[in-house]
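The exercises below ask you to work from a single side-chain contact outwards to the sheet, the helices and the pocket. Each task is followed by a solution in steps.

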Amino acid sequence: MQLPRLLLGSARRLVLGPAEAALCGLKSIKGNCNNFYTTVFKDVTYKELKNLLNSKKIMLIDVRETWEVLEYGKIPGSVNIPLDEVGEALQMNSKDFREKYNEVKPSKSDRLVFSCLAGVRSKKALDTAVSLGFNSATHYAGGWKEWATYECSEKKQEN
């Protein structure tokens, strides 16, 4: 009778092992879970982004490829850090960050907003930033497409 019980225990560990480990992991970061979920699900709207940019209280990081920014334009005040560089960039020392991106490296408490073309890559960048401890990070889901549309309609209304 020991063999089936042993096999059952092994099967349980095989099936539930990763789930139990994940649950234990969630318990161990319980204090950070609320911040994580608040951050992940809070998108910045066009108007909020415009106000934040005017207040100079954020760093807007455009995670599109450099060629996209050069070809299509960018949101004024944004810093281009392509998506595949975000994790490394946020872990750089301040001197290297300034040399590469010509900006002061954000601290983990700084308000970061990520943008891209339409919100997919900026969400990935947000997930990376949050995993690195940047708990005040959000993303502009509308991206360059929405920004350009609003800016064009505002300019037409001014004329």
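**Exercise 1. Describe the contact between the side chains of Arg64 and Asp62, and place both residues in the fold.**

Step 1. In this predicted model, the side chains of Arg64 and Asp62 are joined by a polar contact of 2.7 Å.

Step 2. Asp62 belongs to strand β1, whereas Arg64 sits in the loop that runs between β1 (59-62) and α4 (66-72).

Step 3. The cut-off for a buried residue is a relative accessible area under 20%. Arg64 counts as buried because its relative accessible area is 0%, and Asp62 is likewise buried because its relative accessibility is 2%.

**Exercise 2. Which residues surround Arg64, and which surround Asp62?**

Step 1. Leaving aside residues up to four places away in sequence, Arg64 touches Val69, Tyr72, Gly73, Lys74, Asn80, Pro82, Ser115, Cys116, Leu117, Arg121 and Trp144.

Step 2. With one of these residues, Gly73, the side chain of Arg64 also makes a polar approach, reaching the backbone oxygen of Gly73 at 2.7 Å.

Step 3. Another of them, Asn80, lies 16 residues from Arg64 in sequence, while the C-alpha atoms of the two are 7.1 Å apart in space.

Step 4. With the same exclusion of residues up to four places away in sequence, Asp62 touches Val69, Lys74, Ser78, Val79, Asn80, Ile81, Pro82, Ser115 and Cys116.

**Exercise 3. Reconstruct the order of the strands in the sheet and say how they pair.**

Step 1. The protein has eight helices and four strands, and from the N terminus on its elements run α-α-α-β-α-β-α-α-β-α-β-α.

Step 2. The four strands form an open sheet with the order β2-β1-β3-β4, and the pairing is parallel. At the edges stand β2 (79-80) and β4 (137-139), each of which pairs on one side only.

Step 3. In general, the strands of a sheet pair through backbone hydrogen bonds, in either a parallel or an antiparallel sense.

Step 4. Between β1 and β3 the parallel pairing extends over four bridges, and between β3 (residues 112-115) and β4 it extends over three bridges.

Step 5. Individual positions give the register: Ile61 stands opposite Phe114 in β3, Phe114 in turn stands opposite His139 in β4, and Leu112 has Ala137 of β4 as its bridge partner.

Step 6. The side chains of β3 can then be sorted by direction, with Leu112 and Phe114 pointing one way and Val113 and Ser115 the other way, and all of them are buried.

**Exercise 4. Where are the two ends of helix α6 (residues 94-101) marked by neighbouring residues, and how?**

Step 1. The N-terminal end of α6 is capped by Asn93, which has a side-chain oxygen 3.1 Å from the backbone nitrogen of Lys95.

Step 2. After the helix comes Asn102, with a positive phi near 55°.

**Exercise 5. Characterise the largest pocket by its volume, its lining and the elements that supply the lining.**

Step 1. The space in the largest pocket comes to about 280 Å³.

Step 2. Its lining is made of Lys50, Leu53, Asn54, Lys56, Ile58, Met59, Leu60, Pro76, Gly77, Val79, Glu103 and Trp147.

Step 3. Sorted by residue type, this lining divides into seven nonpolar, two polar and three charged residues.

Step 4. At least two lining residues come from each of α3 (46-55) and β1, and α3 gives the most, with three residues.

**Exercise 6. What share of the residues is buried, and what share of the contacts joins residues at least 24 apart?**

Step 1. Of the 159 residues in the protein, 33% count as buried.

Step 2. Taking only contacts between residues at least 6 apart in sequence, 58% join residues at least 24 apart.

Notes
Residues numbered from 1 in each chain as written. Predicted model: local features only at pLDDT ≥ 70, side-chain atom pairs only at ≥ 80, totals over all residues. Heavy atoms only, no water. Buried < 20%, exposed > 50% of the residue type's maximum accessible area, 1.4 Å probe, protein only. Polar contact = N/O pair within 3.5 Å; in protein donor to acceptor, adjacent residues only side chain to side chain. Contact = heavy atoms within 4.5 Å. 1 Å grid on protein atoms, 1.4 Å probe; cavity = no way out; pocket = protein on both sides within 12 Å on 5 of 7 lines; lining within 4 Å. Points joined across faces, edges and corners; volume = space filled by probe spheres on them. Nonpolar A, V, L, I, M, F, W, Y, C, P; charged D, E, K, R; others polar. Pairing = 2+ DSSP bridges.
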